[in-house]
Amino acid sequence: MLQFIKSNSLVAILLFVVIGGILAFLQTQQGFSYFPWEIKNYLIGQKLNEGFRLYKDIRDNTGPFATGFYQLLDLFNFPLASNPFIALGVICLQAYIFQSTIIKFDLMPQLGGLAFGIYLILFHLTREFYVPDPALLGLTFLLLAWKGIIQQQKTLLVNDSVFLVGIYLATATLLFPAYVWLLPWAILSLLFYSGISIRQVILVIIGYLFVLTITSLVFSFRGNLSYLWQVYRNSAFEFKLISWNEAKQVLQSLVPAVVIGIWGLYKVVGNPKIRAHAQKAQQTTIIWFFFSFIAIANFPSYHQVNFVLLLPPLAYFGLNLFYLIKKGWQKELVFLMLILSVFFTAKQDIVSENKPMTQLPINGEKLLVLGPEIQEYLHNKMAGPFVNWELAKPLLNELNTYKNVIIVQEYFAKDQPSYIYDSEGYFAKIGQFIPSITDQYELVSPKLYRKK
């Protein structure tokens with residue numbers, strides 16, 4: 001099998017893409033429930049196209065470029081069911097960048113389509129990776145930055161194209177704010193392993209600030225710049241410890257990638273077969289891996305999909321096994337064991353994830369949910385901008401301030417619901433401060449109100 005993959009790179013890549021497409025199609029036929037954040041991203045696109053302003057009206061911490069992507073998906077009427085195919089397209093693009101970097105800069109002996117295949121295989125560890133999440137979208141630009149850094153290290157003749165590295169990293173940050181911690185990785189990698197000058201370091205920073213400045217000007221013009229910086233403070237500069245249960249769940253999914261990555265890194269350390277420029281690439285990727293954990297400590301949430309930034313380094317380290325292991329049958333065995341372990345891990349993840357969801361006795365109605373039950377919007381039209389309940393809740397907790405009362409009144413005036421589902425008891429609190437709203441509704445079933 002490996003001989004075929006190594007000798008027929010284009011055919012092997014097409015085969016991997018076809019298999020990935022079949023698996024994506026099978027996911028759409030299994031009747032899985034959607035992830036809450038997957039529904040949230042879908043709703044953000046809807047609300048932006050309805051005229052609500054990001055962060056000021058729509059209280060969420062998704063990166064601004066990612067929300068623009070979801071707005072485009074809604075504009076072109078892509079349904080939620082198409083997410084596995086969209087994610088597959090993004091992953092295949094990343095796998096191509098990953099493989100082309102290795103081939104173009106001669107980082108490893110000829111492996112054909114194996115680099116593409118290993119990358120794609122590791123992205124089947126959990127069903128969460130098949131959602132076009134901001135972390136997955138931003139990873140594309142991290143890989144482009146990695147390619148740009150390797151290019152500068154190849155000849156030690158650093159040129160002004162390092163400006164693009166800054167642009168790529170800024171774009172990744174505006175897709176997923178915690179990726180801001182990969183900027184030091186890029187600068188240190190260039191300083192340690194290339195002939196970069198101070199002027200060129202400044203070019204990287206200017207490229208980074210250029211994208212951030214243009215984005216800031218747009219948000220300033222729209223009157224919600226302060227909300228943008230508040231999102232970045234909460235989503236990229238707020239250290240928090242991951243709980244043991246969350247860490248255990250992530251580790252269980254990433255076990256095959258971690259094992260193959262650490263094993264490959266162990267094999268490569270001190271090996272005389274590794275040439276000088278390839279050693280630089282290995283060390284650059286180790287620095288990426290290190291700064292990934294700083295980024296992880298600043299994640300706004302610990303969904304498994306947010307950990308995709310660990311997969312490219314682990315895939316790259318793991319590739320070392322397929323030319324440092326001497327015997328062909330051992331390489332075949334490693335490849336087979338990787339596929340089987342990924343299949344087993346993914347199967348366990350699907351069994352534990354697929355849980356039934358509650359459903360209200362209404363369908364096709366204009367609904368506002370005062371609670372975390374975002375899945376109810378799948379069967380109804382969403383009213384109001386509360387796509388992220390944890391961030392919207394403080395507004396309703398502080399209705400004793402005049403500013404918040406005005407905001408809530410504007411929400412209801414702009415997009416008044418036909419039904420309100422109040423799972424956490426906030427409707428009565430709204431009635432204490434804005435009775436003109438609650439007087440228009442009557443209780444028709446437990447926690448469900450209908451407009452009179």
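**Salt bridges, sheet and helix packing in the predicted model**

Asp57 is buried, with a relative accessible area of 8%, in a model that is predicted rather than determined by experiment. The acidic side chain of Asp57 is paired with Arg53 in a salt bridge, in which the closest N and O atoms lie 3.2 Å apart. Arg53, by contrast with the buried class, counts as partly exposed because its relative accessibility is 33%, a value that falls between the limits of 20% and 50% that bound this class.

In total, nine salt bridges are counted in the model. One of these is formed by Glu50 and Lys381, with 3.2 Å between the closest N and O atoms. This pair links distant parts of the chain, since Glu50 belongs to the loop between α3 (36–49) and α4 (64–75), whereas Lys381 is located in strand β2 (residues 381–382), and 331 residues separate the two. Both partners are partly exposed, Glu50 with a relative accessibility of 32% and Lys381 with one of 45%. A further salt bridge brings together the side chains of Arg450 and Glu442, again with an N to O distance of 3.2 Å. Here Arg450 is partly exposed at 35% relative accessibility, and Glu442 is likewise partly exposed, with a relative accessible area of 33%. Through salt bridges that share partners, Lys47, Glu50, Lys366, Lys381 and Asp415 are joined into one network.

Lys366 and Lys381, both of which belong to this network, are also bridge partners in the pairing of strands, the residue in β2 being Lys381. The pairing in question is that of strand β1 (residues 366–369) with β2, which run parallel and are joined by two bridges. These strands form part of an open sheet of five strands, arranged in the order β2-β1-β3-β5-β4 and with mixed pairing. The edges of the sheet are occupied by β2 and by β4 (441–445), each of which pairs on one side only.

At the β4 edge, the neighbouring strand is β5 (residues 448–451), which runs antiparallel to β4 and is joined to it by four bridges. Within this pairing, Tyr441 has Lys451 in β5 as its bridge partner. The two strands form a hairpin with two residues between them, where Lys447 adopts a positive phi near 70°.

Another lysine, Lys40, is placed in helix α3. Lys40 is buried, its relative accessible area being 12%. When residues up to four places away in sequence are left out of account, the contacts of Lys40 comprise Asp60, Asn61, Thr62, Ile374, Val387 and Asn388.

Elsewhere in the model, helix α8 (residues 162–175) packs against helix α10 (residues 198–222) at an angle of about 40°, with 7 Å between the axes. The crossing of these two helices, α8 and α10, is right-handed. On the α8 side, the residues in contact include Val162, Phe163, Gly166, Ile167 and Leu169, and among those that they meet on the α10 side are Leu203, Val204, Ile206, Gly207 and Tyr208. When sorted by class, the contact of α8 with α10 has 12 nonpolar and six polar residues, and no charged residues.

Technical notes:
Residues numbered from 1 in each chain as written. Predicted model: local features only at pLDDT ≥ 70, side-chain atom pairs only at ≥ 80, totals over all residues. Heavy atoms only, no water. Salt bridge = Lys/Arg side-chain N within 4 Å of Asp/Glu carboxyl O. Buried < 20%, exposed > 50% of the residue type's maximum accessible area, 1.4 Å probe, protein only. Axes fitted to C-alpha atoms, helices over the stretch in contact; angles between N-to-C directions. Left-handed = near helix turned anticlockwise from the far one by under 90°. Contact = heavy atoms within 4.5 Å. Nonpolar A, V, L, I, M, F, W, Y, C, P; charged D, E, K, R; others polar. Pairing = 2+ DSSP bridges.
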